[in-house]
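Biologist: Please take a close look at the salt bridges of this chain and at how exposed the residues that form them are.

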Amino acid sequence: MPPLVPPVVPPGSLNRCAQPVLPLDGGLLLRPWLDTDAADVARVFRDPAIRRWHLRGADSDQEAGEWIVRWRRDWADEKAAHWAVAGADGGLLGRVSLQSLVLYGGQAEIAYWTAPEARGRGVCSRAVARASHWALHEVGFHRVELGHSTANPASCRIADKNGYALEGTRRSALLHADGWHDMHLHARVREAD
């Protein structure tokens, strides 16, 4: 069957080159993950706040290293784009990713976390802004969704600050360690920017 509409993001357009490094203000940057980041990822995932909002933990440097291998493979397979948020000194400050990529329909989901020592400095908001701009205006995705627990007001502030309109609440949508959570669904659409 021939397609009735062209792909929004043509397959092969992401992985035809290396994952980009995206500069942020203040000397920060989004960069692909390195094997040497594994110990920092494992350290961050020992933080109770990170563990509260995530479904999986990294209990060792080896496990975190396996995640990094998978994150790089996701780029090659055009499934996701995962970046380390790095400081001017190269230290790990957080993570931002575009995942659940639907190239044909031009859709993605953004996710993020911030290392405990980097919280409250606007690092996450700047990373989300840069990754969102890249997806919508440099690559050409049509829609980027952002979901978070309704019990996580910090994530709601990130969404609001970055122009992700609240579209509704998905009731009892995601199981966390402390039980089922209602989830806010926010989104940005390219034409609305």
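Modeller: D47 is buried in this predicted model, because its relative accessible area is 14%, under the 20% cut-off. The side chain of D47 meets that of R119 in a salt bridge, with an N to O distance of 2.7 Å. This pair links distant parts of the chain, 72 residues apart: D47 lies in the loop between α1 and α2 (48-53), and R119 in the loop between β5 (107-114) and α4 (123-139). R119, in contrast to its buried partner, is partly exposed, at a relative accessible area of 35%.

The pair of E145 and R143 also forms a salt bridge through its side chains, at 2.9 Å from N to O. Here R143 counts as buried, at 17% relative accessibility, whereas E145 counts as partly exposed, at 26%. Elsewhere, salt bridges that share partners join D40, R43 and E117 into one network.

Within that network, the side chains of D40 and R43 meet at 3.6 Å, N to O. Both residues belong to helix α1 (residues 38-44), where they are three residues apart, about one turn of the helix. D40 is partly exposed, with a relative accessible area of 27%, and R43 is likewise partly exposed, at 29% relative accessibility. The structure as a whole holds 10 salt bridges, the pairs D47 and R119, E145 and R143, and D40 and R43 being among them.

Key. Residues numbered from 1 in each chain as written. Predicted model: local features only at pLDDT ≥ 70, side-chain atom pairs only at ≥ 80, totals over all residues. Heavy atoms only, no water. Salt bridge = Lys/Arg side-chain N within 4 Å of Asp/Glu carboxyl O. Helix = DSSP H or I, 4+ residues; strand = E, 2+ residues; numbered from the N terminus. Buried < 20%, exposed > 50% of the residue type's maximum accessible area, 1.4 Å probe, protein only.
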